[in-house]
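Please open the structure in your viewer and keep the selection panel at hand. The tour below proceeds from a whole chain to a pair of chains and then to single elements.

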2 protein chains.
Amino acid sequence: MAQTAEPPSGTRDFLAAEVRRREHAFASVRAAFERYGFEPLQTPAFERLEVLSGKYGDEGDKLIFKILRRGEHAASGEADMALRYDLTVPLARVVATHGNRLPMPYRRYAIGSVWRADRPGKGRFREFTQCDIDTVGSTSPLADAETLLAVNDGLVALGVPQFRFEINSRQALHGLLDAYNVPEQLGGRVLITLDKLDKIAPDAVAAELVDRGLARDIATGLVADLAADDPDRVRKQLDATERGRAGLAEVDRLLRLTASMPPGRVAFVPRMVRGLDYYTGPIFEVTSAGFTGSIASGGRYDGLVGALGGPDLPACGGSIGIERILSQRDDAEQGGAGLDVAIPVLSEESEPTLLALAGELRAGGLRVGVYLGSSGKMAKQLKWANDQRARFAVLLGAREQADNVVTVRDMHSGDQRRVPIPEAATHLREQFGG
Amino acid sequence: MAQTAEPPSGTRDFLAAEVRRREHAFASVRAAFERYGFEPLQTPAFERLEVLSGKYGDEGDKLIFKILRRGEHAASGEADMALRYDLTVPLARVVATHGNRLPMPYRRYAIGSVWRADRPGKGRFREFTQCDIDTVGSTSPLADAETLLAVNDGLVALGVPQFRFEINSRQALHGLLDAYNVPEQLGGRVLITLDKLDKIAPDAVAAELVDRGLARDIATGLVADLAADDPDRVRKQLDATERGRAGLAEVDRLLRLTASMPPGRVAFVPRMVRGLDYYTGPIFEVTSAGFTGSIASGGRYDGLVGALGGPDLPACGGSIGIERILSQRDDAEQGGAGLDVAIPVLSEESEPTLLALAGELRAGGLRVGVYLGSSGKMAKQLKWANDQRARFAVLLGAREQADNVVTVRDMHSGDQRRVPIPEAATHLREQFGG
């Protein structure tokens, strides 16, 4: 019992208050995405195993929850399905499946559970919600800009108080390597190390670059310029190479197209790399005081849909770290929603009248609870009404029944008022402005 | 590719129109349940295997999707988790896990996916949504009545035009066996056969009863009374036995407590059995013209929560067959939601102005799409606006730019109007009453 009584490791039960809090957050983000014309998509919890296998690298593959074959094949111990690991591979599969039914470009949002057999830890779950927007089938820089704008609106809708988009471009990063004469074969490793400049001291980063085989003078010059947090120093260098100029043009166009956001909301950060090597164009990360790392990210990944099994289409998108944002919120929430009207039950004879009244109130949209316990005592039932945080209680005792009235009790003030039964529903609805 | 391009057998991708249709239906039902004070609950997609095993009989056990152990244990071919098969076992587990955090009685609704490895077929899926309400911890007949009332409101909210609650009671069924002198050891099988009276001719049912060992005169008498569809004939028989009287009292109280529903909405149907033997009190099924079988069902099952691994608490509940109801609906729905405003892009210089205008319109709640394709041709972009079912299009060409105006085109009438750029957002919002 003790063992089975807990939800599986790394998963959570969401009771009423948490469901409401989460659904409210999801609804806010959905509304923001809808205003951009993004359309909702829901895919199955699991996919064929071959759709997921080999898409997440060796480490990722180990974290996939695989589903055992069924029936006579169960004894084989083999899996044929797997729980989805992200929302991007299912998107690629959907574009392959429904291509001609989809508008092009296909702009979809998805807010849904994914499952990863990570070691559970503080804020790290095995079942968690991802929140993605993607535009498949457009090379327009407007699509990149709208990704940032929609993510911005989503974060604002979630109530994140302060945040900043750090933007860069894969082209600009290539230009950076060209400008500083980083040997081609060291490029990837150099970028991975430079990405640590937001966490590690510049000296340590330079030392790691040297360890990785970069000449010391190049390493120190590169790190000095990037750590200066003065994009103009780097801009000058980028401007001297072809790929650098192309990257700068990409970055500047994105800055221009997102200029309607508050000043300082979007900044060119030349050292920002993003680990994932499938990005092909502009990239972004969103940072916010109070959060380490990023709370949203994304970019252009023109080859990815094809690589994931979909057709070869350009694409860009972004993802909001909605679980991180939710986990940062005030957890001291109230229990469930309170009742508008609580109805104690003091006798069996009164039951049909009370249920009929409850029905009238509910038809008017009020949230009404009827006492379902076994106590016949008024005091105990009023305590129940209080525990339910009811705004009003309706009492129908023997005396009230004789007079064909109910007593309406204001649970905040304790004031009581006798109201004829036929008028009770109207009277109560008026208390709620209805 | 051909194989991997389909979602797994028995599962579905929900594109925009279907997501909207389903979410709208779920929201309507949720709102109905909320008015009764039912609270939302969300549990993980999977549970520990031992929580699910042995709960659904041999046939059910075979249909459970089991999840392979991970890491070094993957090679064992063993499963340790399983996708949830219904929402009732997770409820029992939640009551065991969170008992003292839950209000008592605990009244929860759950609308969520369950997974069953059934052979897929028309209207039969391996991933589908269940829609349950349950009250745990109350023996009050009001709890049974409120289950029916809430299911009624849910069905009305779903737009089911006509339906009827058939109610009965396990006690009344026991009384029926007593009244007709059915030998104790034949009771269960006799009830299972009687349940077929809504599908099979009375003669055939009587014959099957005889096959099962019931004396011919008893079988024909029982079937004749039940098939007559005249509850009074059976009432007289029930009234002659102790369990029959107890059952009738249960049924009559439920009829009295649900009398606020439209006439004929609830009917005592003495032959209605419900296959599942965990019911202990009143039971119900909802039938509707246009549907074979039931579209909702439930009852009281006081021993079930304990038997499923939870504490020993009384409980009652109901379930709406929401997938059946959704599948019956008109499928000839439109595509996604149309745009309020479509914004063609005729030059790179106009982009920042257009995105800023789009931002203003979205801040006012409008759904705005910006052209993300590669054509520079006005005709092609207007076709796009039309395909998006946009209400208005905003055009900013070279001439407009020189005059600092946009052309607002009514996509229904084709009327065009020049509006100064600074007034464009206000002008358009006014068209939508904002």
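How far apart are the mean positions of the 54 positive and 59 negative charges of chain A? The two mean positions are separated by 2 Å. Please bear in mind throughout that this is a predicted model.

**First stop: chain A as a whole**

Select chain A and display it as a cartoon. The chain holds 17 helices and 16 strands. Its radius of gyration is 29 Å, whereas the globule rule gives 22 Å for 434 residues; the chain is therefore more spread out than a compact globule. Along the principal axes, the C-alpha atoms of chain A occupy a box of roughly 95 × 60 × 45 Å.

Next, switch to a surface display of chain A. The accessible surface amounts to about 18,300 Å², and carbon and sulfur atoms contribute 48% of that area. Of the 434 residues, 55% count as buried. Consider also the contacts in chain A with a separation of 6 or more: 65% of them are between residues 24 or more positions apart.

**Second stop: an exposed residue of chain A**

Select Ala398(A), which lies in helix H16, residues 398-403 of chain A. Is Ala398(A) buried or exposed? Its relative accessibility is 69%, and since exposed means over 50%, Ala398(A) counts as exposed. Now add Phe163(A) to the selection and draw a distance between the two C-alpha atoms. Ala398(A) and Phe163(A) lie 62 Å apart in space and 235 residues apart in sequence.

**Third stop: the two chains together**

Show chain B beside chain A. A turn of 180°, with a shift of 0.0 Å along the axis, lays chain B on chain A with an RMSD of 0.0 Å. This is the relation of a two-fold axis. The same surface serves both copies, as 100% of the contact residues of chain B recur in chain A. To locate the rotation axis, select Gly77(B): of the residues of chain B, its C-alpha comes closest to the axis, at 1.8 Å.

**Fourth stop: helix H6 of chain B**

Select residues 170-179 of chain B, which form helix H6. Of these 10 residues, 7 are buried, so the helix is largely enclosed by the rest of the structure. The buried residues are Arg170(B), Ala172(B), Leu173(B), Gly175(B), Leu176(B), Leu177(B) and Ala179(B).

Against which elements of chain B do the buried residues of H6(B) pack? Colour each of these in turn:

- strands E7 (164-169) and E9 (282-287);
- helices H7 (187-194) and H9 (216-227);
- helices H10 (231-238) and H11 (242-257).

How values were computed. Residues numbered from 1 in each chain as written. Chains lettered and ligands numbered in written order. Predicted model: local features only at pLDDT ≥ 70, side-chain atom pairs only at ≥ 80, totals over all residues. Heavy atoms only, no water. Helix = DSSP H or I, 4+ residues; strand = E, 2+ residues; numbered from the N terminus. Rg over C-alpha atoms; globule rule 2.2 N^0.38 Å. Buried < 20%, exposed > 50% of the residue type's maximum accessible area, 1.4 Å probe, protein only. Contact = heavy atoms within 4.5 Å. Areas by Shrake-Rupley, 256 points an atom, 1.4 Å probe, with all protein chains shown as cover. Lys, Arg positive; Asp, Glu negative; His and termini not counted. Charge placed at Lys NZ, Arg CZ, Asp CG, Glu CD. Least-squares fit on C-alpha atoms with pLDDT ≥ 70 in both.
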